[in-house]
Amino acid sequence: MTGYLIRRVGQAVLVIFMVTVIVFLLVRLLPGGPAEAILGRRATAAEKAAFNRLNGYNRPLLEQYVHYIGQLLRGNLGYSYKLSQSVTSLLGEALPKTILLVGLSTLLAALLAVPLGILQAVRRNRLIDYIFTGAAFIFYAMPSFWLGLVLIELFAINLGWLPSEAPQGSLSQVLAHPEGLVLPVATLALVTIAQFSRYMRSSMLEQLSQDYVRTARARGVPEWRVVMRHTLRNALVPVVTLLGLSLPWVLGGALVVESVFNFPGTGLLFWTAAQNQDYPVMLGLVLVAAVGTVVGSLLADLMYAALDPRVRYT
Amino acid sequence: MAVLPSNGPAELPTDSGEGVTASRQLWRLVLDVFLQNRLATLGLAMIVFMVLFCFVGPLVYHTDQLHTSLQLSLIRPDASHLLGTDDTGRDMLGRLMLGGRTSLEVGLAAAVIATCFGALWGALAGFSGGVVDSVMMRIVDGLLAIPSLFLLLFLGSLTSSLAALVLVVALISWLAPARLVRGETLSLRGLDYVQAVTVMGGGRWRSILRHIIPNTIGTIVVNVTFQIADAILIVATLSYLGLGVRPPAADWGSMLSNGVTYTADGYWWLVYPPGVAIILTVVAFNFVGDALRDGLSARLHAR
């Protein structure tokens with residue numbers, strides 16, 4: 001296990017290094033370079049030169065990169081000239097709310113998708129399986145912004161049960177109005193359930209076709225016991241890994257949901273930054289999201305290795 | 001082990017031989033899948049319908065999509081406008097055909113570009129092995145770690161033309177095929193007939209293009225199918241976020257995101273036609289992709 005741990009952590013560090021290189025190069029690829037991107041197209045040549053000198057953009061690339069890494073290690077993700085605030089403080093404000101949104105909806109999705117996948121696998125190719133498979137396909141194929149707006153139309157406009165907009169302000173203010181969280185969480189959860197229940201179904205089906213299941217049935221073990229005791233644990237292992245790996249996908253979904261419900265998280269921050277061409281904010285968020293993804297998949301892999309000894313030796 | 005066959009060079013795999021056999025097997029497989037799987041047939045029928053609707057439809061159903069008219073705006077569906085008109089007086093059915101053309105073209109172009117590039121990247125990495133492989137695949141891992149929608153918005157904020165949109169979508173979509181094809185290349189690399197090419201002095205690209213790629217064509221085709229569906233959804237989402245297809249051009253996504261601004265006003269005919277068209281098309285491509293993948297893995301198990 002130690003050898004695997006060292007190799008896997010080393011790989012994660014290497015990927016994070018690649019991410020920093022990619023993000024670093026993205027700024028330099030901007031048309032007109034970082035000076036024009038940040039100061040705007042109307043900035044004079046002298047202003048740009050002064051800006052480049054001030055921020056060290058006139059130095060050799062390698063030197064800039066070392067400086068960039070040094071700043072990152074000190075927790076400096078850049079400065080938003082459009083919002084006159086450091087990216088770190090913007091992130092500190094928005095990130096807890098996105099974690100709340102993503103955490104709640106992923107938890108809800110997992111709690112519903114696992115039993116749903118089991119049900120579909122046990123009743124495969126029956127009516128109930130077809131119904132949920134059809135629903136999963138439709139929710140997967142439905143643009144998530146439209147799903148959010150349909151829920152708003154139904155529950156906020158027609159029925160008037162829930163607010164159409166997410167609560168504003170800090171994390172505690174958001175938590176003080178939980179009814180505003182229902183629709184955003186439900187939208188993100190529905191899309192995620194569509195995905196996870198498919199994973200769970202095929203993972204259960206694969207386990208149910210294994211020899212040990214046939215042996216258990218031959219020994220006269222009741223079917224519910226075969227499913228709940230023998231196969232469920234084995235079927236959950238790959239699904240847990242997939243949960244860890246789906247973080248970038250869920251974050252993308254959160255961005256759309258946040259823009260539909262005006263939910264003040266990182267997704268809305270990123271979207272606003274994209275509209276204002278606020279590159280420091282975008283690059284800071286890309287970096288944080290990518291590092292979060294790498295750490296997420298590292299944890300998922302380590303959990304996989306802890307649960308399934310075969311992984312460690314390959 | 002790369003041992004030359006005992007019955008002489010005449011039996012050595014020729015350049016065209018393997019590729020042709022592989023693709024012939026593929027077509028037989030594809031035919032089998034569609035004959036056996038009803039969902040795949042349904043999916044294919046839906047795709048054919050959509051293509052005819054979008055590309056042949058405008059030839060039969062003539063509408064004026066160039067001029068706007070406020071007098072004709074927001075007419076309910078009736079005999080003269082089967083799906084009503086939009087907020088600038090354009091016929092919705094005609095616009096649905098026109099928008100679908102953009103959606104399908106952008107989806108197909110992005111998927112094909114992404115899969116071709118990804119397949120070559122993966123094959124080169126897997127075939128080269130060693131440091132080249134490690135570096136190439138760490139680049140893929142690094143890009144995969146960045147949520148693709150974030151990268152899309154960043155790149156999308158730089159440009160606005162349709163061709164650039166295709167490239168941007170392709171740029172975030174080549175990673176999955178690169179990983180899949182690399183995995184298959186690793187197992188193909190050690191096979192005798194591929195090693196024989198190297199033994200006979202064939203170059204790296206000859207092996208990759210003539211022998212590796214044709215044998216991964218199944219994976220590649222399945223991947224293109226899913227990528228088209230994903231690309232259509234991505235472009236629709238980008239339209240909603242304000243970075244997709246810009247007027248006067250339209251795709252289903254931009255029609256849908258335009259329509260939903262009238263959600264509270266009850267103009268349902270602006271919302272449901274493009275929305276349902278997106279769902280049907282994406283589901284159809286997923287049906288076909290699922291069936292092809294299952295057929296392919298059945299073939300691999302049978303090997």
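In chain A of this predicted model, A:Asp211 and A:Arg214 share helix H10 (residues 211-218), where a spacing of three residues places them about one turn of the helix apart. The two residues form a salt bridge, and their closest N and O atoms are 3.5 Å apart. A:Asp211 is exposed, with a relative accessible area of 52%, and A:Arg214 is likewise exposed, at 58%. Both values lie over the 50% that marks an exposed residue.

A further salt bridge of chain A joins A:Arg217 to A:Glu223, with 2.9 Å between the closest N and O atoms. Here both partners are partly exposed: the relative accessibility of A:Arg217 is 37%, and that of A:Glu223 is 38%. In general, side chains of opposite charge can pair when their charged atoms come close. Over all chains, a search of the whole structure identifies nine salt bridges.

In chain B, a salt bridge links the side chains of B:Asp141 and B:Arg179, with an N to O distance of 3.9 Å. Because B:Asp141 belongs to helix H5 (residues 130-145) and B:Arg179 to helix H8 (residues 175-189), the pair ties together parts of chain B that are 38 residues apart in sequence. The surroundings of the two partners were also assessed. B:Asp141 has a relative accessibility of 14% and therefore counts as buried, the limit for this class being under 20%. B:Arg179, at 45%, counts as partly exposed. Through salt bridges with shared partners, B:Asp141 and B:Arg179 are joined with B:Arg138 into one network.

Burial was also examined for another helix of chain B. Helix H12 (residues 252-259) is mostly covered, with seven of its eight residues buried. The buried residues of this helix are B:Trp252, B:Gly253, B:Ser254, B:Met255, B:Leu256, B:Ser257 and B:Gly259.

Contacts were then considered for a residue of chain A. A:Leu61 is located in helix H4 (residues 61-73) of that chain and is partly exposed, with a relative accessible area of 45%. When residues up to four places away in sequence are not counted, A:Leu61 touches A:Phe24 and A:Arg28. Along the chain, A:Leu61 and A:Phe24 are 37 residues apart, and their C-alpha atoms are separated by 9.6 Å.

How values were computed: Residues numbered from 1 in each chain as written. Chains lettered and ligands numbered in written order. Predicted model: local features only at pLDDT ≥ 70, side-chain atom pairs only at ≥ 80, totals over all residues. Heavy atoms only, no water. Buried < 20%, exposed > 50% of the residue type's maximum accessible area, 1.4 Å probe, protein only. Helix = DSSP H or I, 4+ residues; strand = E, 2+ residues; numbered from the N terminus. Salt bridge = Lys/Arg side-chain N within 4 Å of Asp/Glu carboxyl O. Contact = heavy atoms within 4.5 Å.
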